[in-house]
Amino acid sequence: MAIATAPFLIACGGGKADNPGPVNPAQCSGASCGVQGPPPSGAGAAALCPATADIVKSTFLGGAGSGEVVQLNIDATAMTYTLKWLKSPIPLTSADVTITREGTQITGAVIHPPTGMLPTAEQTRCAFILGKGTGTAPADGSTYTTPDFVNNPNPPMILVGQGVAGGGIPGATVEYDGLTIVPGIIDHVGAVPNRHFDFYPFLGFASTTTDITRLAGTYNGLLYHLVPSGSYAATATNTVETFDAAGNCTGSNPANAAFTPSASGCLTTGTAWTANGGGYFDSQNAPQIGAQLKLPPLNQPSGVSAQAHMILGQINGATVPLVIRTGSVNLGTAALLHADAKVDDESGIAMLAAATPLASGGFDGGYVGADSNFRYTAALIQGGVGTFINPSTSAAEDGFGLGYSLPSPGLVGVQQANGQTGLAIASGGLYAIEIQGTVNGGVAPTSQLSSTASSAPYFGIGAQISK
C-alpha cells in the first residue's frame, strides 16, 4: 500500500515532545514517491540473515518485555532451538510467585512460518516459530514445558537478521491468588489476575561487549514496564541519560516528573553497574516508573528491590544498550504478619540510543519486530511519515507523523492523526517507538485482560530489513 495514499497523516514539528506542532507533509506522485509498500526483500535483494548453515554459529543474548534476560540459539539445519532464561520474574506456576523460570533451559523444534504468512521467501527463511520446549527448572527440579505448534494461533516466532534476532519468546499464563496476612480479614494482597501471554517481545544480539567504557556518552531512552500486581498496569516514558567511562549515570532528564528516579537521577540505573560474568551487567534497586502495590496494614509501597540488567549490544558499528528490569517478590515472614515483605514486581524493557543528531530521512527503511500488543509488526519510515504494516497481509494498519526538531538530539516526535503522541529513537539499524494510546487495534485478543485499559501505552522495537 503506497504511503502516498495516506494524506491523513500528520507530521510533527515544534520543540516539545508532548505537544508537537502539526504540519501538512508534501504529497508525491509517480516515481517521486520512492519506496512503496511493505519492507521489500524479494528476488535479487541482499540476504536478510546469515546462510542457513551459519545461523547456528550465533547465540543471541538479549531481553524480553517480560523482564527476562535470555540466551537463544537456533540451528536452522537441524531445525531445533535452545533457550535459557538467565533472569526471570515469571513464576513457574500460580502456586508460588517466588519460584520463577530463571535458570531454566529448554530445547525444542522450530519450523518456518507457512507460505503466505510473511511477504517473501527470504523473510520466511529467516523466521522460525518456536515449538514445544522442555527442560528442568533448577528452582524446584520440575519439568518445564512450553506449548507446541498445534492449537497455538499466535505462537512465539523469532526473526533472525544480520547480528540481531527479534520477535517473541515463549509466553506464560500468569496468575496469583495473593498473600494472606490475616485469614478472612487481610487476604488476596497483591493478587495477580489470570492472564495468558502468547509470547513476550524479545530482542537479542549476536555480538555484545563487557567493555563498560563503550557505554560512555549521552543517550535517549524509551522504557516500557508492566506491574502485574496492579492488574498489569503499563507505563511508558522516556529519559535522557549520560554515562561516564565507568558506567556511572552522571546526569538525567526524566520526562515524567511524577515518578521518582534513583539516587543517580536516572530511570534505568539504580546502584553502579557491575559485570556478572554472564556477558552483561547488573544494577541493584532499579528505579520504578509505575504505580506500586501498597501493603497493609500501613498501606505503603514496600520499596525498591528489583534489579536492572544492561546488555551492551554491538551492531553495525554502534553500541545499543538494552536494559531489562526484573521484578522481585519476597513474601516475608508469616510470624511477622509479612511486615517484612518486599513486593516490587514491576518488570519491563528499555532501549537506549546515542543522543546524536538525526535528520529527516536519517533512519528511513523497513523494520520488523514485535510489540506490546503481543503482535508481530512491520514499520515503514519515510522522512516525516511512518506506517505500521501487518507482516502477514502487507496491509497498512496505522500511521503516524515524525518530527525531528526536539531538544534532545536523536529524539524524534511521533503524532498520530487522532492526536496520540509519542517518541521514537534509532541506532545501529534498530528503532524503538512508544505512543501514549492504542495502536494497530490494541492487544491481541488471545493476550488480552478484560480490565486492560484501551489507553494503555504502546511500545515496539524493530530491526531494519530494507532501506
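The link between Cys249 and Cys266 is left-handed, with -75° about the S-S bond, and the two sulfur atoms lie 1.6 Å apart, in a structure where a disulfide is counted as a pair of cysteine sulfur atoms within 2.5 Å. Cys249 lies in strand β13 (residues 249–252) and Cys266 in the loop between β13 and β14 (274–275), so the pair ties together parts that are 17 residues apart in sequence. Both Cys249 and Cys266 are buried, a word used here for under 20% relative accessible area, with exposed meaning over 50% and partly exposed in between (1.4 Å probe, protein chains only). The strands named here, and the helices as well, are DSSP runs numbered from the N terminus, with at least four residues for a helix (H or I) and at least two for a strand (E).

This is a predicted model, in which local features need pLDDT of at least 70 and side-chain atom pairs count only at pLDDT 80 or more, while totals for chains, interfaces and linings use all residues. Residues are numbered from 1 along each chain as its sequence is written, and side-chain values use heavy atoms, leaving out hydrogens and water.

A search of the whole structure finds two disulfides. In the other pair, Cys49 and Cys126 have their sulfur atoms 2.1 Å apart, and this link, with -80° about the S-S bond, is left-handed. Because Cys49 lies in the segment before β1 and Cys126 in the loop between α1 (121–125) and β5 (127–136), the pair ties together parts that are 77 residues apart in sequence. Cys49 is buried, with a relative accessible area of 2%, and Cys126 counts as buried at 3%.

We can now follow the chain into β1, β2 and β3. Strand β1 (residues 59–64) is joined to β2 by six bridges and the two run antiparallel; strands are said to pair if DSSP finds at least two bridges between them. Across this pairing Leu61 stands opposite Gln71, and the two strands form a hairpin with three residues between them, where Gly67 in the turn has a positive phi of about 85°. Strand β2 (residues 68–75) is mostly covered, since six of its eight residues are buried. On its way to strand β3 (residues 80–87), β2 makes another antiparallel pairing, of seven bridges, in which Asn73 stands opposite Thr82. This second hairpin has four residues between its strands, and Met79 in the turn has a positive phi of about 60°.

Elsewhere, eight strands close into a barrel in the order β23-β24-β25-β26-β27-β28-β29-β30, with antiparallel pairing. Within this barrel, β26 (residues 396–403) and β27 (residues 412–415) pair over three bridges, and Gly403 stands opposite Gly413 in β27.

The last topic is the nonpolar interior, where a core means a set of buried Ala, Val, Leu, Ile, Met, Phe, Trp, Tyr and Cys residues joined through side-chain atoms within 4.5 Å. The largest such core has 87 residues, and those with the most contacts inside it are Ile158, Ile169, Tyr200, Leu322 and Leu430. Strand β9 (residues 192–205) gives the most to this core, with seven residues. Leu322 touches, among residues more than four places away in sequence, Gly62, Leu203, Ile349 and Ile461, to name some of them, where contact means heavy atoms within 4.5 Å. Apart from the largest core lies another, of 18 residues, among them Leu215, Tyr219, Phe243 and Ile289.
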